[in-house]
Structures are given as structure tokens and as C-alpha cells.
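User: I am in my first year and would like a close look at a single part of this structure. Please take one helix and follow it outward to whatever it meets.

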Amino acid sequence: MFVSIWDDIVNKGQLALINETYFDMNVTLVANPKNIFGIEGLKDNYKNFLTRFSNIAFTVEDAFGQGDKIVKHLIFKGTHT
């Protein structure tokens, strides 16, 4: 299920799936230069990818977790437009 949700979010542009059904409202994306917090922050982060790139292809290479934590290894390809 995890992979299909991410496919719908990033490859099909269904940002509305970043919601409390699939994500904890206190979700944290560990990122550089700063971490991203909360559902709206996560949604904004992926909206940037979807609006600034065309020919987008996200592939989930691996995902694993323990308790309430998950790690995903994504490959991103796109054309910066």
C-alpha cells in the first residue's frame, strides 16, 4: 500500500492524499538544509516538485520502518522547467 500511495501522490500528482488518513499530522521529513514538519509542510514540499519539474518519475527503491517511523529510498527523475 505504501508504494501505491506514493505513486499516486508524486507520479499522478494527487497531493490530496497527503492527509491524516495516510500520514500522522506531526509527520517530519528529514531534509537538507532544514527538516519539513506537518502535513501541510509535506504537501508544499512535494507541490514544489510537481510544479517545477516535468517528465516526473519517482520510484520507491526501498521502504522500511519500525514502530511509527518509516524510511524510504526514492529515485527522482524529471526535467527542470
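Analyst: What follows starts with one helix and its core, then moves to the parts around them.

The model is predicted, so its confidence comes first. The mean pLDDT of the protein is 89, and 98% of the residues score at least 70. Among the elements, H1 has the lowest mean pLDDT, 83, while E2 has the highest, 96. Where pLDDT is low, predicted coordinates should not be read in detail.

The helix to look at is H1, residues 2-11. What does H1 give to the largest nonpolar core? That core has 15 residues, and H1 supplies 4 of them, the largest share. Helix H2, residues 38-52, also supplies at least two. The residues with the most contacts inside the core are Trp6, Ile9, Val10, Ile18, Phe23, Leu42 and Tyr46. In soluble globular proteins, nonpolar side chains tend to be buried together.

Val10 shows what such a core residue touches. Setting aside neighbours within four places in sequence, Val10 is in contact with Tyr46, Leu50, Ile56 and Phe58. Tyr46 is also among the core residues with the most contacts, and Tyr46 is buried in H2.

Charged residues come next. Asp8 lies in helix H1. Is Asp8 buried or exposed? Asp8 counts as buried because its relative accessibility is 18%, and the cut-off for buried is under 20%. Beyond residues up to four places away in sequence, Asp8 touches Gly13, Gln14 and Leu17. Asp8 also forms a salt bridge with Lys12, with the closest N and O atoms 3.2 Å apart. Lys12 has a second partner in Asp7, where the closest N and O atoms are 4.0 Å apart. Asp7, Asp8 and Lys12 are therefore linked in a network of salt bridges. The three residues can be set side by side by their accessibility. Asp8 is buried at 18%, Asp7 is partly exposed at 30%, and Lys12 is exposed at 51%.

A search of the whole structure finds 4 salt bridges. One of them is in H2, where the side chains of Lys43 and Glu40 meet at 3.7 Å, N to O. Why is this pair about one helical turn apart? The reason is that Lys43 and Glu40 are 3 residues apart in helix H2. Lys43 is partly exposed, with a relative accessible area of 21%.

H2 itself can be checked for length. At 1.5 Å a residue, its 15 residues should span 21 Å, and the end C-alpha atoms are 22 Å apart, which agrees. The expected value is 21 Å because the rule multiplies 1.5 Å by one less than the number of residues. Buried residues of H2 are Gly38, Ile39, Leu42, Asn45 and Tyr46.

Aromatic rings offer another way to follow the links. The structure holds 9 aromatic pairs. One of them joins Phe49 and Phe58 edge-to-face, with 5.6 Å from centre to centre and 80° between the planes. This pair counts as edge-to-face because its angle is over 60 degrees. Phe49 is partly exposed at 24% relative accessibility, whereas Phe58 is buried at 10%. Phe58 is also one of the contacts of Val10. Trp6, Phe23, Tyr46, Phe49, Phe53, Phe58 and Phe76 form one aromatic cluster. Trp6, Phe23 and Tyr46 also appear among the core residues with the most contacts.

Two backbone features remain. Most residues other than glycine have a negative phi, and most peptide bonds are trans. Asn55, in strand E3 (residues 53-66), has a positive phi near 55°. Asn55 counts as exposed, at 61% relative accessibility. A cis peptide bond joins Asn32 and Pro33, with omega about 15°. Pro33 is found in the loop between strand E1 (28-29) and strand E2 (36-37).

Asn55 also leads to the last residue here, Thr79, in strand E4 (residues 69-80). Leaving aside neighbours within four places in sequence, Thr79 is in contact with Arg52, Phe53, Ser54 and Asn55. Thr79 is partly exposed, with a relative accessible area of 37%. Thr79 and Asn26 are 53 residues apart in sequence and 31 Å apart in space, C-alpha to C-alpha.

Technical notes: Residues are numbered from 1 along each chain as its sequence is written. Side-chain values use heavy atoms; hydrogens and water are left out. A nonpolar core is a set of buried Ala, Val, Leu, Ile, Met, Phe, Trp, Tyr and Cys residues joined through side-chain atoms within 4.5 Å. Buried means under 20% relative accessible area, exposed over 50%, partly exposed in between (1.4 Å probe, protein chains only). Contact means heavy atoms within 4.5 Å. pLDDT is the predictor's confidence in each residue, from 0 to 100. Rings of Phe, Tyr and Trp (its six-membered ring) pair if their centres lie within 6.5 Å; planes under 30 degrees apart count as stacked, over 60 as edge-to-face and the rest as tilted.
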